[in-house]
Amino acid sequence: MTVCLLLLSVVAVTAAVPVPRALTRAKWPEREPVVALWVWQCLVATVLLCCVTALALGAAAVFGTVRAQLFAPAPPAVTAAYDLSAAPPWAAVLTVLLACGAAWTTAMLGRELVEARRRRARARAHLRERAPDLPAGLPAARGPLLVLEDEYPDAWWMPGSPPQLIVTTGALHRLTDHQLDAILTHERGHARARHDWLLHLSTALATGFPRVPLFAHFCDQTHRLVELAADDTASRRCGHLTTALALIELNQHRGVLSCASSHRLLGERVDRLLEPPPRLGRRHRALTTTVAALVPLLPLLITFAPGLTALP
């Protein structure tokens, strides 16, 4: 059991500290944002699985009731292989810390979901106030596309069931038909990929554990990569140049090409669309996704290895 806890700690620390820092310095995520999002999710899943399995083993070693329930269906040889009766003194401290971390993570996730629901409720109430000003014949507020009478050019999507696309008349006047199609395709890409769930998860983990490099980088990179992924969705349908021009027209009054930190991502997105980076080959994408998918299996293999070796 001690060996399992140590191995789980090593895997968790490796996935939480050096790997995220190396991944943020890599250039390929900009070329393959969807694959990069998958890699980040696999790293987060690895750390969470390490913590959950270590918590289960530690609780089984410290508390006899948990041990009896957890290993009730297992043969005596399997229980003996884990050597739970000889728990080190630090196992109790580790178990309490992991239990507190699990409770804190659950609280942060619940808080983020509650806050997100409140934000959506306020946004929908604001839309209901503005919707009666719509000209006759335009879609109602409950439709999949809502057009708002506003000189300010803007377009966004609102998560929900179903998700709703909102565009202002200022955007309709400023954008051409092809540019408008690119913007709406970009927003539909967010909705279809359910990027809101990724954003909620990354925000909750970064808020709850701001000093953990993995969660901090996961939050920053998720907000960046979901936009690049949606840009790729739009560029595949409407073309790179059309999508770039649509971003410029929609955001030039905000300083899309300025060097301010709040607008830097928009400038990078436009540059990326005007000069598309070389993409990875199919074999490299398949290899990267496969390796990333196998990484979360390490905590499970470490946890179940003593039991599997004890089976006849």
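Phe 209 is partly exposed, with a relative accessible area of 22%, a value just outside the buried class because that class ends under 20%. This residue offers a convenient way into the structure, which is a predicted model. Phe 209 has a ring partner in Phe 215: the two ring centres lie 5.8 Å apart. Their planes meet at 50°, so the pair is classed as tilted, since stacked pairs need planes under 30 degrees apart and edge-to-face pairs need over 60. The structure contains one aromatic pair, and its two members fall on either side of the burial cut-off. While Phe 209 is partly exposed, Phe 215 is buried, at a relative accessible area of 6%.

Phe 215 also leads to a neighbouring stretch of the chain. Ala 204 sits 11 residues away from Phe 215 along the sequence, and the C-alpha atoms of these two residues are 9.0 Å apart. Ala 204 belongs to helix α10, and with a relative accessibility of 3% it counts as buried.

Helix α10 brings the description to the largest pocket, as residues 195-208 form one of the elements that each supply at least two residues of its lining. The volume of this pocket is about 710 Å³. Its lining comprises 32 residues, of which Trp 156, Trp 157, Glu 187, His 190 and Glu 227 come closest to the pocket centre. Alongside α10, the elements that each give at least two lining residues are the helices α7 (90-130), α9 (177-193), α11 (213-238), α12 (240-251) and α13 (264-274), together with the strand β2 (155-158).

Turning to the surface, a nonpolar patch of about 310 Å² is made by Val 62, Phe 63, Val 66 and Leu 70. Val 66 is found in helix α5, which covers residues 64-70. The relative accessibility of Val 66 is 33%, so this residue counts as partly exposed; that value also satisfies the patch criterion, because patch residues need over 30% relative accessible area.

Finally, the chain as a whole can be set around these local features. It has 15 helices and three strands. The C-alpha trace spans about 75 × 45 × 35 Å along its principal axes. Of the 312 residues in the chain, 40% are buried; Ala 204 and Phe 215 are among them.

Conventions: Residues are numbered from 1 along each chain as its sequence is written. This is a predicted model: local features need pLDDT of at least 70, side-chain atom pairs count only at pLDDT 80 or more; totals for chains, interfaces and linings use all residues. Side-chain values use heavy atoms; hydrogens and water are left out. Patches are made of residues with over 30% relative accessible area and no salt bridge: like charges are joined within 9 Å, nonpolar side chains (Val, Leu, Ile, Met, Phe, Trp, Tyr) within 5 Å. Accessible areas come from the Shrake-Rupley method with a 1.4 Å probe; for residues, only the protein chains shown count as cover. A salt bridge is a side-chain nitrogen of Lys or Arg within 4 Å of a carboxyl oxygen of Asp or Glu. Helices (H or I, at least four residues) and strands (E, at least two) are DSSP runs, numbered from the N terminus. Buried means under 20% relative accessible area, exposed over 50%, partly exposed in between (1.4 Å probe, protein chains only). Rings of Phe, Tyr and Trp (its six-membered ring) pair if their centres lie within 6.5 Å; planes under 30 degrees apart count as stacked, over 60 as edge-to-face and the rest as tilted. On a 1 Å grid over the protein atoms alone, a cavity is a set of points where a 1.4 Å probe fits but cannot get out, and a pocket is an open set with protein on both sides within 12 Å along at least five of seven lines; lining residues have an atom within 4 Å of a point. Grid points are joined across faces, edges and corners, and a volume is the space filled by probe spheres set on the points.
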